[in-house]
Amino acid sequence: MDAPVDIRLHGNRPPLDPRPLERRVGLVILATDHTTEPDFRRMVASDRIGVYVARIAYANPTTPENLRRMQPALTEGASLILPGEPLDAICYSCTSASVVIGDGEIEVAIRAAKPGVPVVTPTMAAMRGLKALGARRISVLTPYVTETGRPMSDYFRRHGFDLASFTCLGLDDDREMARIKPSALVDLAREAMADDAEALFISCTALRSAGVAAEIEAAIGRPVVTSNQATAWNCLRLCGDAEPRLQWGRLMTLPLALD
């Protein structure tokens, strides 16, 4: 064997930046999620904002009982994202579970691991987005079965929204929801939009609706809020990014007003 390589230890410590990237967003997502990461990579991540992901266990079907079972995993999931380091925002990316578990309970569970970090849920972000757009009477389109859609309907009514229409597609597997063609979502949105509604909310982080939000707005002539578009908008604004991104829909041009 040749003589060992002479390994030299450099005598000076290199200079360090405070962070590799200026801002950082955490995502807690379902083990079965196909859509949130690609959406946030397109809409949020940049050379200034990093997106960091933890997955938690989830088993279909998408029923209120199964959704509620994720609650105990939220704290551990959040703790796995850059342990011991602060985040600028952290998002739990499941719309229907946010309704079933409750925004407040999710916030408590995540802040147990990440104290003081702003917590975003799709329902919370959607409400903020609809208010920013000045919409109170809305139509809602979901991929869920009616059993899962009912708590969603109650949630928006409880928070002061008037539901002009509420459409469920009857799917109970989030992996199938992620496979709905975006072009089909445009047609479904057109059918789901009531004539007297001021905006359309497309619920579910599994749907690939954020990428066609602007196309849907052109088709229905009114604003569209989708789960991933709303959380991305909320997280961007919490990171101090106010750049208008009209290609993702009208919401992405507006400022955020916190509750």
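In the predicted model, four strands form an open sheet in the order β2-β1-β3-β4, with parallel pairing. Strands β2 (49–56) and β4 (119–120) stand at its edges. Each has a single partner strand, so one side of each is left without a neighbour in the sheet. Strands β1 (residues 23–30) and β3 (residues 89–92) run parallel and are joined by four bridges. Within this pair, Val 25 has Ala 89 of β3 as its bridge partner. Helix α1 (residues 36–43) packs on the sheet and touches β1 and β2. The direction of α1 makes about 160° with that of β1.

Two backbone features lie in loops of this part of the chain, one after β2 and one before β3. Most residues other than glycine have a negative phi, and most peptide bonds are trans. The peptide bond from Asn 60 to Pro 61, in contrast, is cis, with omega near 15°. Pro 61 belongs to the loop between β2 and α2 (64–68). Leu 82 has a positive phi, near 45°, although the residue is not glycine. This leucine, Leu 82, sits in the loop between α3 (74–79) and β3.

A further four strands form an open sheet in the order β6-β5-β7-β8. Here, too, the pairing is parallel. The edges are taken by β6 (162–168) and β8 (224–226). Each of these edge strands has a single partner, so one of its sides is left without a neighbour in the sheet. Neighbouring strands of the sheet are turned by 20° against each other on average, direction ignored. Strand β5 (residues 137–142) runs parallel to β6, and six bridges join the two. Leu 141 stands opposite Thr 167 in β6.

Two helices lie across strands of the β6-β5-β7-β8 sheet. Helix α9 (residues 182–192) lies across β5, β6 and β7 (199–202). Its course is at about 140° to β5. Helix α10 (residues 213–220) lies across β7 and β8. The angle between α10 and β8 is about 150°.

Helix-to-helix packing is illustrated by α6 (residues 122–132) and α11 (residues 227–238). Their axes come within 8 Å and cross at roughly 80°. Because angles of 65 to 115 degrees count as roughly perpendicular, α6 is roughly perpendicular to α11. On the α6 side, the contact is made by Pro 122, Ala 125, Ala 126, Arg 128, Gly 129 and Ala 132. Helix α11 contributes Ser 227, Ala 230, Thr 231, Trp 233 and Asn 234. By class, the contact has six nonpolar, four polar and one charged residues.

The structure holds one cavity of 30 Å³ or more. The volume of the largest cavity is about 120 Å³. Its lining comprises 15 residues. Of these, Leu 30, Cys 94, Asp 174, Cys 204 and Thr 205 lie nearest the cavity centre. Two elements, α4 (95–101) and α8 (174–177), give two or more residues to the lining. The lining of the largest cavity divides into eight nonpolar, five polar and two charged residues.

Technical notes:
Residues numbered from 1 in each chain as written. Predicted model: local features only at pLDDT ≥ 70, side-chain atom pairs only at ≥ 80, totals over all residues. Heavy atoms only, no water. Pairing = 2+ DSSP bridges. Axes fitted to C-alpha atoms, helices over the stretch in contact; angles between N-to-C directions. Contact = heavy atoms within 4.5 Å. 1 Å grid on protein atoms, 1.4 Å probe; cavity = no way out; pocket = protein on both sides within 12 Å on 5 of 7 lines; lining within 4 Å. Points joined across faces, edges and corners; volume = space filled by probe spheres on them. Nonpolar A, V, L, I, M, F, W, Y, C, P; charged D, E, K, R; others polar. Parallel < 35°, antiparallel > 145°, perpendicular 65-115°, else oblique.
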